[in-house]
Amino acid sequence: MPKLWLLRHGETEWSRSGQYTGLTDLPLTAAGEEQARSAVPALAGVDFDLVLTSPLQRARTTAALAGFPDALVEPAAVEWNYGDYEGINSADVRRDNPGYLIWNDGVPNGETLQEVAARADSIIARVQGPQPDGTTVRNALLVAHGHFLRVMAARWLELDAREGRHFLLGTAKVCMLGWDKKTPAIEAWGL
């Protein structure tokens, strides 16, 4: 049974300020680069059969600094497309709409939560299924983004994507999705 390790990218200017950062391709800050390096001990000693990264530079740089410069780019691992909220501070959205919750309300002119979940499901199928050479994955690592990885965790657990709201994930934190016998489980979160 494969384990899927998750690593959120390090800090960017917008993640620090609370701005929605979907497809805008921002670099890591100096602090974000240090955060990425700090993930190394949590991943040390794990033999990864498959290492995937979002194509966005904040994830690719995090993967490289965490010791995986040859991670395979996985286009489905980009962050939620926030549409009209891209670059907007989430506090400003809630100031104008106090009841707003992205998990319930979505984003105007962006990607639906169901579309994000479908991308997550495609990666889960890739990890859990046979590989092109007929082998199976024991340990996979995915370097990606906050909301997307929270959806990934919910879908791994066979929950509605909306339940990702319960899984807070800081920058450059490591998680491990695995199994309790044959039941999908979270084995570690926020290392």
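These questions and answers go through a predicted model, its fold, its largest pocket and two buried residues.

Residues are numbered from 1 along each chain as its sequence is written, and side-chain values use heavy atoms, with hydrogens and water left out. In this predicted model, local features need pLDDT of at least 70 and side-chain atom pairs pLDDT 80 or more, while totals for chains, interfaces and linings use all residues.

Colleague: How many helices and strands are in the chain?
Modeller: Helices are DSSP runs of H or I, at least four residues, and strands are E runs of at least two, numbered from the N terminus. Along the sequence the pattern is β-α-α-α-β-α-β-α-α-α-β-α-β-β. The count is 8 helices and 6 strands.

Colleague: What is the radius of gyration of the chain?
Modeller: It is taken over C-alpha atoms, and the globule rule is 2.2 Å times the number of residues to the power 0.38. For 191 residues the rule gives 16 Å, and the chain comes close to that, so it is as compact as a globular protein of that length. The radius of gyration is 16 Å.

Colleague: Which element gives the largest share of the lining of the largest pocket?
Modeller: A pocket is an open set of points on a 1 Å grid over the protein atoms alone, where a 1.4 Å probe fits, with protein on both sides within 12 Å along at least five of seven lines; lining residues have an atom within 4 Å of a point. The largest pocket holds about 450 Å³. Its lining has 24 residues, with Arg 8, Tyr 20, Tyr 82, His 147 and Arg 150 closest to the centre. The largest share, 3 residues, comes from helix 8.

Colleague: Is Glu 111 buried or exposed?
Modeller: Glu 111 sits in the loop between helix 6 (102-105) and helix 7 (113-128). Buried means under 20% relative accessible area, exposed over 50%, partly exposed in between (1.4 Å probe, protein chains only). Because its relative accessibility is 12%, Glu 111 counts as buried.

Colleague: Which side chain makes a polar contact with the side chain of Thr 29?
Modeller: Thr 29 lies in the loop between helix 1 and helix 2 (30-38), and at 8% relative accessibility it counts as buried. A polar contact is a pair of N or O atoms within 3.5 Å; within protein, one must be able to donate a hydrogen and the other to accept it, and residues adjacent in sequence count only if both atoms are side-chain atoms. At 2.6 Å, the partner is Glu 11.

Key
Grid points are joined across faces, edges and corners, and a volume is the space filled by probe spheres set on the points.
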